[in-house]
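Me: I would like to go through a structure in questions and answers. Please keep to what can be computed from the atoms.

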Amino acid sequence: MGGVTRPRAMTASDDQHDERVVLDAARVASSLDALTEAIVTRHRESTALALVGIRTGGLTLAHRIAERLSAKTRAVPVGAIDIALYRDDLFEGLPRPQVGSTELPFALPGRVVVLVDDVLFTGRTVRAALDALIDHGRPRAVELAVLVDRGHRELPIQADFVGVSLDTSRDEQVKVRVGADPSQDRVVIRTGRRS
Amino acid sequence: MSKGMRHFPHRHLLGIEGLSAEEITQLLDLGESFLEIGERPIKKVPTLRGRTVINLFLEASTRTRTSFEIAAKRLSADAVNVSGSGSSTSKGETLLDTARNLAAMRPDVVVIRHHASGAAEFVSRHIDAAVVNAGDGTHEHPTQALLDASTIRHHKGTIGGLEIAIVGDIEHSRVARSNLYALTRLGANVRLCAPFTMMPRGIESMAGEHRSRVSTHHRLESALDGADVVMMLRIQRERMGDGPGRFPTNREYSRRFGLSPRTLEHARPDAIVMHPGPINRGVEMDPSVADSGRSVVLEQVTRGVALRMAVLYLLGAAGPIPSDSSDAP
């Protein structure tokens with residue numbers, strides 16, 4: 001399910017960062033196709049599936065996967081979960097995160113929820129998302145789909161479905177840029193000062 | 001995660017006077033996010049787990065104190081209520097000693113309501129915790145203005161350009177003052193309405209650069225003419241002290257300044273009716289108006305909990321605000 005990818009040498013710099021594209025729009029699309037395929041394979045007969053995008057990076061991706069699932073098998077409901085209030089770093093003296101809304105337009109009991117996020121890194125976001133989800137009810141099962149797994153886990157959390165694995169160093173930043181226009185989708189790695 | 005991270009550059013919430021329009025809007029937006037928690041079966045998030053919020057209510061209040069208590073508990077904080085009667089203040093302890101004694105128990109937030117204007121700021125200078133003003137004398141009641149603005153914005157889409165009438169004992173009203181700051185800053189025109197005996201002279205100047213948005217009225221009909229929002233204030237006999245009354249009888253006040261179906265007709269047909277509560281039915285507001293579809297009083301209460309959660313969320317962290325803005329890991 002995806003392999004380790006060496007970052008390519010396309011670079012763009014601003015005065016603080018070097019930024020290089022590691023997945024262009026075509027590769028993002030094919031990664032999403034592969035993710036969808038893997039979910040379909042595992043849940044071929046299931047009518048209990050729901051996708052829940054972790055705000056904000058995971059929500060657009062959840063909708064992209066849902067479109068593909070709808071074309072391949074059947075429509076799957078999509079929810080959004082905001083984890084700002086569940087973070088474990090709220091008292092580190094950092095700026096207060098913006099709090100978005102959590103909308104789960106389906107009942108949780110009996111559901112298999114696939115959490116969707118853009119980048120799996122330390123695992124703390126997913127831990128917070130699990131706590132937030134379970135505060136809304138008791139799903140039958142929770143699985144995790146991510147576009148990028150960049151390693152460096154700080155908690156025992158693993159994804160069930162991975163688009164691509166990236167070999168990164170800890171001080172690099174991986175940004176998934178997906179928006180209204182899929183032809184502009186890309187994943188970039190930034191080095192340099194965090195801002 | 002640089003997007004959406006922000007500093008709220010205030011350690012305390014003592015009033016609306018010190019907030020910019022942008023900061024007020026930030027608080028209103030944040031309040032929206034907390035509404036959903038009150039709709040869940042389990043109305044709790046772990047955000048302020050283990051933090052201590054002390055409600056120091058040295059002036060009578062049930063609804064504001066309950067609202068803050070629920071807000072703190074929904075954030076998983078430990079909420080402790082200290083009220084006026086039965087507290088050490090009734091034994092003659094000064095506010096300073098009360099504040100210092102509480103500080104020695106290391107609260108994270110102190111929410112204070114007091115009969116003296118300036119009490120909240122006074123406490124903030126003598127305590128390490130974040131201080132939220134829940135009403136100090138006739139000075140300010142910032143969370144009330146925030147929940148009022150939030151309710152107005154929800155019904156009218158925007159606050160800028162609205163005509164908002166605030167009717168009642170303006171002189172003794174901290175609700176009127178906080179709303180005056182908030183609503184003019186957000187671009188609304190505010191009509192203050194009261195008998196001559198209850199309208200401070202020159203109150204328009206409180207709005208500073210926005211004073212042209214403020215008008216004063218001594219007739220209810222002119223204040224309501226074409227208004228989008230009608231906010232009625234409680235007649236506060238307890239705040240008027242002894243001596244000659246400010247008006248002859250409740251009945252005369254209610255005839256001249258009370259909101260009835262007839263006087264409400266002067267406002268726009270889609271005008272909403274607001275009141276900070278508790279309502280003196282039959283005095284400042286006719287029961288039929290209070291119970292009508294135009295009244296958004298109960299929604300104010302619901303939004304009050306959400307806005308107070310937003311304030312506690314922003315202020316409830318111990319520790320300094322950093323001087324640089326860096327991402328979280």
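The turns below cover sheets, a helix, one buried serine and some unusual backbone angles in this predicted model.

Me: What is the strand order of the open four-stranded sheet in chain B?

Reply: The pairing in this sheet is parallel. Its edge strands are strand 3 (78-83) and strand 5 (130-136) of chain B, each of which pairs on one side only. Neighbouring strands are turned by 15° against each other on average, with direction ignored. The order in chain B is 3-2-4-5.

Me: Which residue stands opposite B:Asn55 in strand 4 of chain B?

Reply: Strand 2 (residues 52-57) and strand 4 (residues 109-114) of chain B pair in the parallel sense, over five bridges. Opposite B:Asn55, in strand 4 of chain B, stands B:Val111.

Me: How many residues of strand 7 (residues 112-120) of chain A are buried?

Reply: Strand 7 of chain A runs parallel to strand 4 (residues 49-54) of chain A, and five bridges join them. Strand 8 (residues 141-149) of chain A is also parallel to strand 7 of chain A, joined to it by eight bridges. Strand 7 of chain A is mostly covered, and its buried residues number nine of nine.

Me: Which residues are the partners of A:Val52 in strand 7 and of A:Leu120 in strand 8 of chain A?

Reply: For A:Val52, the residue standing opposite in strand 7 of chain A is A:Leu115. For A:Leu120, the bridge partner in strand 8 of chain A is A:Asp149.

Me: What is the handedness of the β-α-β unit that contains strand 7 and strand 8 of chain A?

Reply: The two strands run parallel. Helix 3 (residues 124-134) of chain A completes the unit with strand 7 and strand 8 of chain A, and the unit is right-handed.

Me: What is the distance between the end C-alpha atoms of helix 6 (residues 174-185) of chain B, and why does it agree with the expected span?

Reply: Helix 6 of chain B has 12 residues, so at 1.5 Å a residue it should span 16 Å. The expected span is 1.5 Å times one less than the number of residues. The end C-alpha atoms agree with this, at a distance of 17 Å.

Me: How many residues of helix 6 of chain B are buried, and what is the phi of B:Gly187 just after this helix?

Reply: Among the buried residues of helix 6 of chain B are B:Arg174, B:Asn179 and B:Tyr181. At the start of the helix, a side-chain oxygen of B:Ser173 comes to within 3.3 Å of the backbone nitrogen of B:Val175. The helix is mostly covered, with 11 of its 12 residues buried. Just after helix 6 of chain B, the phi of B:Gly187 is positive, about 100°.

Me: Why does B:Ser150 count as buried, and which side chain makes a polar contact with its side chain?

Reply: B:Ser150 lies in helix 5 (residues 142-156) of chain B. Its relative accessibility is 1%, so B:Ser150 counts as buried. Neighbours within four places in sequence aside, B:Ser150 is in contact with B:Leu28, B:Glu32, B:Arg303 and B:Leu307. The side-chain polar contact, at 2.9 Å, is with B:Arg303.

Me: What percentage of the 329 residues in chain B are buried?

Reply: Chain B has 11 helices and 10 strands. Of its contacts with a separation of 6 or more, 75% are between residues 24 or more positions apart. The buried share of the 329 residues is 55%.

Me: Which peptide bonds are cis in chain A and in chain B?

Reply: Most peptide bonds are trans. A:Thr56 sits in the loop between strand 4 and helix 2 (57-72) of chain A, and B:Pro278 in the loop between strand 10 (272-274) and helix 10 (287-290) of chain B. In chain A, with omega near -10°, the cis bond runs from A:Arg55 to A:Thr56. In chain B, with omega about -10°, a cis bond joins B:Gly277 and B:Pro278.

Me: Is A:His152 buried or partly exposed, and is B:Ser76 buried or exposed?

Reply: A:His152 has a positive phi near 70° and lies in the loop between strand 8 and strand 9 (161-166) of chain A. B:Ser76 has a positive phi near 70° and lies in the loop between helix 2 (63-74) and strand 3 of chain B. With a relative accessible area of 30%, A:His152 is partly exposed. With a relative accessible area of 15%, B:Ser76 is buried.

Definitions and conventions: Residues numbered from 1 in each chain as written. Chains lettered and ligands numbered in written order. Predicted model: local features only at pLDDT ≥ 70, side-chain atom pairs only at ≥ 80, totals over all residues. Heavy atoms only, no water. Pairing = 2+ DSSP bridges. Axes fitted to C-alpha atoms, helices over the stretch in contact; angles between N-to-C directions. Buried < 20%, exposed > 50% of the residue type's maximum accessible area, 1.4 Å probe, protein only. Right-handed = clockwise from strand over helix to strand, strands pointing away. Polar contact = N/O pair within 3.5 Å; in protein donor to acceptor, adjacent residues only side chain to side chain. Contact = heavy atoms within 4.5 Å.
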